[in-house]
Amino acid sequence: MTSMPASERLGSHLKLADQALMATKAAVLKPAGVTVAQYSALLHLAENPGISAAALARLCGVTPPTINTVLNNLQDRALIERTPHEWHKNVLETRLTEEGRKVMADADARAVRVERALAAEFTDAEREALVGLLGRCVQVLEKERGPR
């Protein structure tokens with residue numbers, strides 16, 4: 001017997017929602033030929049051309065070794081290019097190639113359909129409340145985790 005049933009644990013409900021979202025995005029992104037992690041990298045690269053791998057890892061919420069694996073796979077497919085920074089030769093700038101922009105556009109249209117379907121289930125007030133509540137969850141969890 002546990003001190004708190006799983007059905008009463010908000011973390012369980014958050015995890016189920018996250019798993020459903022990731023599984024759905026994985027399914028809709030598959031025809032575009034990218035994984036959720038690759039799509040996330042392409043999305044942030046589209047919004048931040050020239051970003052470093054370390055900064056991209058932070059935006060994607062993954063470790064630097066993970067983002068390097070993702071970037072290597074994208075580079076092998078010629079979806080991105082990595083070039084030395086003009087002043088900081090040890091820093092590689094990463095940008096989408098023309099083919100990367102095409103794949104990103106296809107993948108993004110697919111992901112946006114999922115996001116719009118999800119958003120359509122809620123009224124404007126509910127969406128605003130949900131975003132606020134999830135933000136509070138993040139704040140509490142970061143406080144509980146302690147200093148980094």
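Helices (H or I, at least four residues) and strands (E, at least two) are DSSP runs, numbered from the N terminus. With that in hand, let us walk through the fold. This is a predicted model, in which local features need pLDDT of at least 70 and side-chain atom pairs count only at pLDDT 80 or more, while totals for chains, interfaces and linings use all residues. Residues are numbered from 1 along each chain as its sequence is written, and side-chain values use heavy atoms, with hydrogens and water left out.

The protein contains six helices and two strands, and from the N terminus on they follow the order α-α-α-α-β-β-α-α. Along the principal axes, the C-alpha atoms fill a box of roughly 55 × 35 × 30 Å. Of the 148 residues, 25% count as buried; here buried means under 20% relative accessible area, exposed means over 50%, and partly exposed lies in between (1.4 Å probe, protein chains only). Contact means heavy atoms within 4.5 Å. Among contacts with a separation of 6 or more, 46% link residues 24 or more positions apart.

Let us start at helix H1, which covers residues 10-29 and holds Lys 25. You might like to look at this lysine, because Lys 25 is buried, with a relative accessible area of 10%. Not counting residues up to four places away in sequence, Lys 25 touches Val 36, Val 114 and Glu 115. Ser 12 has its place in H1 too, and at 27% relative accessibility Ser 12 counts as partly exposed. From Ser 12 to Arg 82 there are 70 residues in sequence and 39 Å in space, C-alpha to C-alpha.

Next comes helix H4, a good place to see how the helices meet. H4 runs over residues 64-76, 13 residues in total, and spans 18 Å from its first C-alpha to its last, close to the 18 Å expected at 1.5 Å a residue. That expected span is 1.5 Å times one less than the number of residues in the helix. Ile 67, Val 70, Leu 71 and Leu 74 of H4 are buried. Seen down the axis of H4, these buried residues fall within an arc of 95 degrees, so they line one face of the helix; the arc is that of the directions from the helix axis to the C-beta atoms. Pro 65 and Asp 76, on the other side of H4, are exposed. What do the buried residues of H4 pack against? Their partners are helix H2 (36-47), helix H3 (53-60), strand E1 (80-84) and strand E2 (92-96). After H4 comes Ala 78, which has a positive phi, near 60 degrees.

Now to the helix pairs. Two packed helices are described by the angle between their axes and the distance between the axes. Axes are lines fitted to C-alpha atoms, for helices over the stretch in contact, and angles run from 0 to 180 degrees between N-to-C directions. H2 packs on H4 at about 85 degrees, with the two axes 10 Å apart. That makes H2 roughly perpendicular to H4, given that angles under 35 degrees count as roughly parallel, over 145 as roughly antiparallel, 65 to 115 as roughly perpendicular and the rest as oblique. On the H2 side the contact uses Ala 37, Gln 38, Ala 41, Leu 42 and Leu 45, and these meet Ile 67, Val 70, Leu 71, Asn 73 and Leu 74 in H4.

H3 also packs on H4, at an angle of about 105 degrees and with the axes 9 Å apart. H3 and H4 are therefore roughly perpendicular to each other. Ala 53, Leu 56, Ala 57 and Cys 60 of H3 make this contact with Pro 64, Ile 67, Asn 68 and Leu 71 of H4. Within H3, the buried residues are Ala 53, Ala 55, Leu 56, Ala 57 and Cys 60, and their cover includes H2, H4, E1 and E2. Gly 61, just after H3, takes a positive phi of about 70 degrees.

The strands bring us to Thr 94, which is found in E2. Is Thr 94 buried or exposed? Thr 94 is buried, with a relative accessible area of 0%. Leaving aside neighbours within four places in sequence, Thr 94 is in contact with Leu 45, Pro 49, Gly 50, Ile 51, Leu 71, Ile 80, Glu 81 and Arg 82.

Finally, the cysteines. A search of the whole structure finds zero disulfides, a disulfide being a pair of cysteine sulfur atoms within 2.5 Å. Cys 60 is buried at 18% relative accessible area, whereas Cys 137 counts as partly exposed at 26% relative accessibility.
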